[in-house]
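Trainee: I would like to look closely at one part of this protein, and I would be glad if you took me through that part slowly.

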Amino acid sequence: MRPRRRQTSTTLVLAIWGINAFAVLIILLVVMVYWARQSAQAASQQTPTVTLQPSLTPYPTRYDLPTVTRNPLSTEIVVQTPTPFVFSNTSRALPIGMSVSGRPIEVYTFGTGARQVMIVAGIHGGYEWNTIALADQMILYLTDHPEVVPSDVTLYILRNLNPDGDARDHGIDGRVNDHGVDLNRNFPINWSATWDRSGCFDQAPTTSGIGPGSEPETVAVMNFLIYRKIEALISYHSAALGIFPGGSPWDKESTRLAQQIADVSDYPFPPIETGCVYTGTLADYAVSRGAAAVDMELSDHLHTEFSANLRVLKVLLNFSKQE
Ligand SMILES: [Zn+2]
């Protein structure tokens, strides 16, 4: 029996060692699986490395906007869905664009002749609201007296180029558009980002825009001048400085128009010199498009001086370029 017992115990020892070895293998396997899972988890939690592209120069969005208080007398214009322009006796208004805040910019047309002349009012909005009032008086007058327009002439009256400024305030805060831009510095002719403010309007912050022709109001009138051959143009302002011919130096035909206006009115020509350098103006742009053009100033910020400007209107209607 002894040899048999020894054989049994040997088998038992081998079995125990076998179980031990198996257990060690299982433990090793578990440790390896655990380690592998931990590594994978750590890898997934790592922040991915992203190579940033060189950034583009951001489009400037900062405007030097004046702090404004809304004029309590102004009423908000409700912008209707634009409808196609239908020219009729009862509707003379041609929408040519929208302001920054979506107010319509409209041109009124009188006459059907080949020679085309134009009046632009309200480029400085509510600060020069009396120019808009003057344009409205002219529109009413011409509706009643269409015979004033010679048969060979078409007259366009853009009554209010800066309706946002007009809605904002009838004072210095109404001068700029809703981007804080002085529209009469925004045209793409002699445009400058900055200018010496001495002798110029400096009562409130203004800019010339983020670039030449950056404003929708400017673009509206530019397109109008590009697609029509305007022979003579008056851009109305207030107040007091007189008549400024377009062009730098003054364009010859624009100077002749200024002189003819001065001959029938008391508006100073040559204008009062303030030392202001005017950049990016509508009159200079109109000259670059082939028109004789003047910036002209009413005597104050209150009156339309209608009878004097009726004489000015007749000068404009009868002006034809000699060159
Ligand atoms: Zn002005």
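In what order do the elements of the protein chain run from the N terminus on? Once that is clear, could you please take a close look at the sheet, at how its strands pair and at what lies around them?

Mentor: Please keep in mind from the start that this is a predicted model. From the N terminus on, the elements of the protein chain follow the order α-β-β-β-α-β-α-α-β-β-α-α-β-α, which comes to 7 helices and 7 strands. The mean pLDDT of the chain is 84, and 80% of the residues reach 70 or more. Residues 56-90 need caution, however, since their pLDDT is below 50, although this stretch has 35 contacts in the model beyond near neighbours in sequence.

Now to the sheet itself. The sheet is open and has 7 strands with mixed pairing, and its order is β1-β2-β4-β3-β5-β7-β6. The edge strands, each of which pairs on one side only, are β1, covering residues 93-98, and β6, covering residues 243-245. On average, and with direction ignored, neighbouring strands of this sheet are turned by 20 degrees against each other.

Let us begin at the β1 edge and work inwards. Strands β1 and β2 run antiparallel and are joined by 5 bridges, and Gly97 stands opposite Ile105 in β2. These two strands form a hairpin with 5 residues between them, and Gly102, which is in the turn, has a positive phi of about 85 degrees. On the next step, β2 and β4 are also antiparallel, joined by 4 bridges, and here Val107 is found opposite Leu158 in β4. Strand β4, residues 153-158, then pairs with β3, residues 115-120, in the parallel sense over 6 bridges, with Val117 standing opposite Leu155.

Leu158 is a good residue to pause at. Apart from neighbours within four places in sequence, Leu158 is in contact with Ile105, Val107, Met118, Ile119, Val120, Ala121 and Val221. The largest nonpolar core has 61 residues, and those with the most contacts inside this core are Val120, Leu158 and Val294. Helix α2, residues 129-144, gives the largest share of the core, which is 6 residues. Another helix to find is α4, residues 216-227, which lies across β1, β2, β3, β4 and β5 and runs at about 130 degrees to β1.

At the other edge of the sheet, the loops around β6 reward some patience. In the loop between β5 and β6 sits Ala240, whose phi is near 90 degrees, a positive value in a residue other than glycine. Ala240 counts as partly exposed because 14 C-beta neighbours lie inside 10 Å, which is between the limits of 12 or fewer for exposed and 20 or more for buried. On the other side of β6, in the loop between β6 and α5, you will find Pro249, and a cis peptide bond with omega of about -5 degrees joins Ser248 to Pro249.

Helix α5, residues 252-263, comes next along the chain, and its length can be checked with simple arithmetic. At 1.5 Å a residue, the 12 residues of α5 should span 16 Å, and the end C-alpha atoms are 17 Å apart, which agrees. The buried residues of α5 are Glu253, Ser254, Leu257, Ala258, Gln260, Ile261 and Ala262. In general, an α-helix has 3.6 residues a turn, so residues three or four places apart point the same way. What covers the buried residues of α5 includes three strands of the sheet, β5, β6 and β7, as well as helices α6 and α7.

The loop between α5 and α6 leads us back to the edge strand, since Pro268 is found there. Pro268 touches Gly242 and Ile243, leaving out residues up to four places away in sequence, and the C-alpha atoms of Pro268 and Ile243 are separated by 6.2 Å although the two residues are 25 residues apart along the chain. With 15 other C-beta atoms within 10 Å, Pro268 is partly exposed. Pro270 is also found in this loop, and the peptide bond from Phe269 to Pro270 is cis, with omega near 0 degrees.

As a last step back to the whole chain, residues 24 or more positions apart account for 82% of the contacts with a separation of 6 or more, and 37% of the 323 residues count as buried.

Terms used:
Residues are numbered from 1 along each chain as its sequence is written. This is a predicted model: local features need pLDDT of at least 70, side-chain atom pairs count only at pLDDT 80 or more; totals for chains, interfaces and linings use all residues. Two residues are in contact if their C-beta atoms, placed from the backbone, lie within 7 Å. Two strands pair if DSSP finds at least two bridges between them. Axes are lines fitted to C-alpha atoms, for helices over the stretch in contact, and angles run from 0 to 180 degrees between N-to-C directions. A nonpolar core is a set of buried Ala, Val, Leu, Ile, Met, Phe, Trp, Tyr and Cys residues joined through C-beta atoms within 7 Å. The expected span of a helix is 1.5 Å times one less than its number of residues. pLDDT is the predictor's confidence in each residue, from 0 to 100.
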